[in-house]
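Biologist: Please pick one part of this structure and take me through it up close, then tell me how it sits among its surroundings.

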Amino acid sequence: MTTGTGSLRTGTPTAPRRRSPARTFLPLAIAAWLILEIWLLGMVADAAGGLAVAALIAGGLVLGAVVIKRAGRRAFKNLTDTFQQGQQPAPQQPGRGNGLTMLAGLLLMLPGLLSDVAGLLLLLPPVRAWVGRRATRSLERKMAAAPAGSFGDAFQQARIHYPDGKVVQGEVIREDRPGPQDGPDTAYRPPLTP
């Protein structure tokens, strides 16, 4: 049973959780974006006709599919090359991977002029590098500020901090007594988890 000031079982305070601003404004931003996309398509249909709108949507769909297919092939080739060489993948600089290229293809595939413009901008290497750097910094800040025991904290602890080193988590059990050992301390012990 919990109350507004604390839990009767644990005695820890249970304050109401605040909703993050992103969770509040994201649905409103998506709704505004959809309305603006529909309005812009209507304006183009009035000016150039419905056939022009259909051609824009079909062109964006085809171009987006080509971009995603090329990025996927490039990612698969990099993966197979890494496996064939038997080494760990080299860390890439922000904006140099295929994730943002695939996002650009997805934006091109979405019907609408704003998403097409955003997708075309993401295809430009300087824009892609800038977005990658910003996303990396934002993610690192969020992971550094993550409270202990959260998913972000676990991810931060699991990262390898040395570019050429390998981290293997394990437990060393040292038996100092010679001969057969009997007693309560010799039973199987599961490995410790961090």
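Modeller: Contact, as I'll use the word, means heavy atoms within 4.5 Å. Keep in mind that this is a predicted model, where local features need pLDDT of at least 70 and side-chain atom pairs count only at pLDDT 80 or more, while totals for chains, interfaces and linings use all residues. Residues are numbered from 1 along each chain as its sequence is written, and side-chain values use heavy atoms, with hydrogens and water left out.

Let's go for H3. The protein chain has six helices and zero strands (DSSP runs numbered from the N terminus, H or I of at least four residues for helices, E of at least two for strands), and H3 covers residues 99-109. Of the chain's 194 residues, 15% count as buried (under 20% relative accessible area; exposed is over 50%, partly exposed in between, with a 1.4 Å probe and protein chains only). In H3 the buried ones are Leu 100, Thr 101, Ala 104, Gly 105, Leu 107 and Leu 108. Looking down the axis of H3, they fall within an arc of 160 degrees, so they line one face of the helix (the arc is taken over the directions from the helix axis to the C-beta atoms). What these buried residues pack against is H2, H4 and helix H5 (125-144).

Zoom in on Thr 101. This residue has a relative accessible area of 6%, so it is buried. Setting aside neighbours within four places in sequence, Thr 101 touches Val 67, Ala 71, Arg 74, Leu 123 and Arg 128.

Now the H2 side. Helix H2 (residues 50-85) and H3 cross at roughly 160 degrees, and their axes come within 7 Å (axes are lines fitted to C-alpha atoms, for helices over the stretch in contact, with angles from 0 to 180 degrees between N-to-C directions). That makes H2 roughly antiparallel to H3 (over 145 degrees; under 35 is roughly parallel, 65 to 115 roughly perpendicular, the rest oblique). The crossing is left-handed (the near helix is turned anticlockwise from the far one by less than a right angle; clockwise would be right-handed). H2 brings residues including Gly 60, Leu 63, Gly 64, Val 67 and Arg 74, and H3 answers with Thr 101, Met 102, Gly 105, Leu 106, Leu 108 and Met 109. By class, that contact has 10 nonpolar, five polar and one charged (Ala, Val, Leu, Ile, Met, Phe, Trp, Tyr, Cys and Pro are nonpolar, Asp, Glu, Lys and Arg charged, and the others, Gly among them, polar).

Leu 63 of H2 is worth a stop. At 36% relative accessibility, Leu 63 counts as partly exposed. Beyond its neighbours within four places in sequence, Leu 63 contacts Leu 108 and Leu 120. Leu 63 and Leu 120 are 57 residues apart in sequence, with their C-alpha atoms 9.9 Å apart.

On to H4. H3 and H4 pack at about 155 degrees with axes 7 Å apart, which makes H3 roughly antiparallel to H4. This crossing is left-handed too. Leu 100, Leu 103, Ala 104, Leu 107 and Leu 108 of H3 meet an H4 set that includes Ser 115, Asp 116 and Leu 120. That contact has eight nonpolar, two polar and one charged residues.

H4 (residues 113-122) also packs on helix H1 (residues 21-48), at about 100 degrees with axes 8 Å apart, so H1 and H4 are roughly perpendicular. There, Leu 113, Leu 114 and Ser 115 of H4 meet H1 residues, among them Trp 33 and Glu 37.
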